[in-house]
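Student: Mind if I throw some questions at you about this one? I'd like the cut-offs along with the answers.

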Amino acid sequence: MKQLFPFLKPYRLQLTIGPFFKLSEAVLEILTPTLMALLIDRGVNAGNSSYVIKMGILMLVIATCGVLFAYICQYSASIASQGFGTDVRNTMFKKISTLSFAQLDYFGTPSLINRVTGDVNQLQSAVAMLIRLVIRAPFLCIGGLVMAMAIDLKLSIVFMLVIPLFIFVLFLVMFKAVPLYSLVQKKLDSLTLVLRENLSGVRVIRAFAGVKRERERFNDKNKDYADTAIRVGRIAALTNPATTVIMNFAALAVIYFGGVRVNTGNLTQGEVIAFINYITQILNAMIVVANLVVLYTKAYASSLRVSEVLACDSDIKYGSRNDVPQSENAVEFDNVSLTYHGSKLPAIENINITVKTGETLGIIGGTGSGKSTLAGLIPRFYDATEGKVKLNGIDIREYSEETLRSAVAIVQQRAALFSGTIADNLRMAKEDATEPDMRRAADTAQATEFIDRMEKGFDTYVSQGGNNLSGGQKQRLTIARALIKNSPVLILDDSASALDYATDAKLRQAIKDNTDSQTVIIVSQRVNSVKDADRIAVMDDGEIVGLGTHSELVKSCEIYREICYSQEQLEEGDENEKE
């Protein structure tokens, strides 16, 4: 929780002014029953109308001041709580953007969304209540008890007996509820995951007639969340009734014994009324305290979840090198292995390969062979658990993040586009890109043909995730976005899978014609996509089992031949070479 305290420092003024004015309001509220007792005893019972008017005016002034003080406190609480929440959300978003892929996998997208939204909202409410009620409610309890004791010490013994019982109920609720609130948030994360998968995969679900199955899955998760929330709700719901019953019995005792003491002449009627008013104040304040316990129990669980993100430092530490030297070798894998977190077996193992500057390397293999994992090590989406990855002869760990990002452009398997125009999406790679820059990149990516058919061209709006574009159009735009960077190293990670063979061939030829000095790494399951590369690396079960040109691999690599056979890519000349 200590990670959250610095976010309150900018609002020290509000954190001081708010409670001060709320405390002032509480002082005035504490005085009111005593003034009422004086009005009854010295004004009404004595028939002194001028005293009644004077006390009435005084009580009106006190009420007006109370309203003003409450407004100032409320205003301060709004500024502090909303500002605190905004700062925490901004910092969390910034922190999340620095986390490695492994850490993002650990937290999970739904959980991170809930932490940034729901958990921070819970903390905002806690800050607001800190200013508005955390001082006021206990003060009213203690102040009311002190004033009641000042009126009649013997009668106030009732409170002395009740308060320990009240505190016991609050601690019992808190002890039972804290673990359950954390569990509720985890159940909400699971529910959000199912909801997110259904919304993003609605086309697939309907295509495979899975609506009924997904409804049942959602209902199961929803019921699980609801059952847990009801369970904790039942415990929290006991707080108000239990405290109300305790305080009402206290009130009955006060009324009974107070009536006895009036008959004996130890108390006046006004003092009994004041005593009952103090009972009401204490009762209401105790109920507020009970609600605060529930609120801060939730806030505590949320603070742990938020603090976990804030305390998580990226496990990828960048160096300070800001230049990429010239080198004969663009990318080198030196005995590289990677084991994902929580996995017992390595995803890739003992990779040794060097990619020359200006060379085109194809990487091919079956599903799960480690192709994308290998490509993802170059821009440091993950760090190798063993060995070194070098860029132009320098360990990539030595480069600053900006230098590495500018040196490597990657197009990933899933075409990720964002809401905005086509130009907005292309300028993600180069903010100052002009329309001629975008057109050159789009020409190479074979995207100009469909962009020019659109009424607004590069100003055409792209919906969230590019849902108003076809799969092939999305892939070509993501390729254009990578090309516009003009980075020394270009990685195409199965980025043409949605393209037809003719467009794929045009794309590869255009990239070859326009990237003479660029090192290109093409990851694909298609032989057609890699057969013209300078060299091809064949992967199987996380290892490189073949390296060479297409014709060399046909002769020397059984797995490559099997892939060629499966895609009918062996020509007669290749068959003769194999024999």
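Student: By class, how many nonpolar, polar and charged residues are in the lining of the second largest pocket?
Tutor: It's a predicted model, so local features need pLDDT of at least 70 and side-chain atom pairs 80 or more, while totals for chains, interfaces and linings use all residues. Numbering runs from 1 along each chain as its sequence is written, and side-chain values use heavy atoms, without hydrogens or water. Counting Ala, Val, Leu, Ile, Met, Phe, Trp, Tyr, Cys and Pro as nonpolar, Asp, Glu, Lys and Arg as charged, and the others, Gly among them, as polar, the lining has 7 nonpolar, 12 polar and 4 charged residues.

Student: Which residues lie nearest the centre of that second largest pocket?
Tutor: A pocket here is an open set of points on a 1 Å grid over the protein atoms alone, where a 1.4 Å probe fits, with protein on both sides within 12 Å along at least five of seven lines; lining residues have an atom within 4 Å of a point. That gives 23 lining residues. Nearest the centre are Asn 486, Ser 487, Asn 514, Ser 517 and Gln 518.

Student: And which helix gives the most to the lining?
Tutor: Helices are DSSP H or I runs of at least four residues, strands E runs of at least two, numbered from the N terminus. The protein has 21 helices and 12 strands. With 4 lining residues, the top contributor is the one spanning 435–444, helix α14.

Student: What does the C-alpha trace span along its principal axes?
Tutor: Start with the radius of gyration, taken over C-alpha atoms: the globule rule, 2.2 Å times the number of residues to the power 0.38, puts a compact globule of 579 residues near 25 Å, but this protein has 35 Å. The span is about 125 × 45 × 45 Å.
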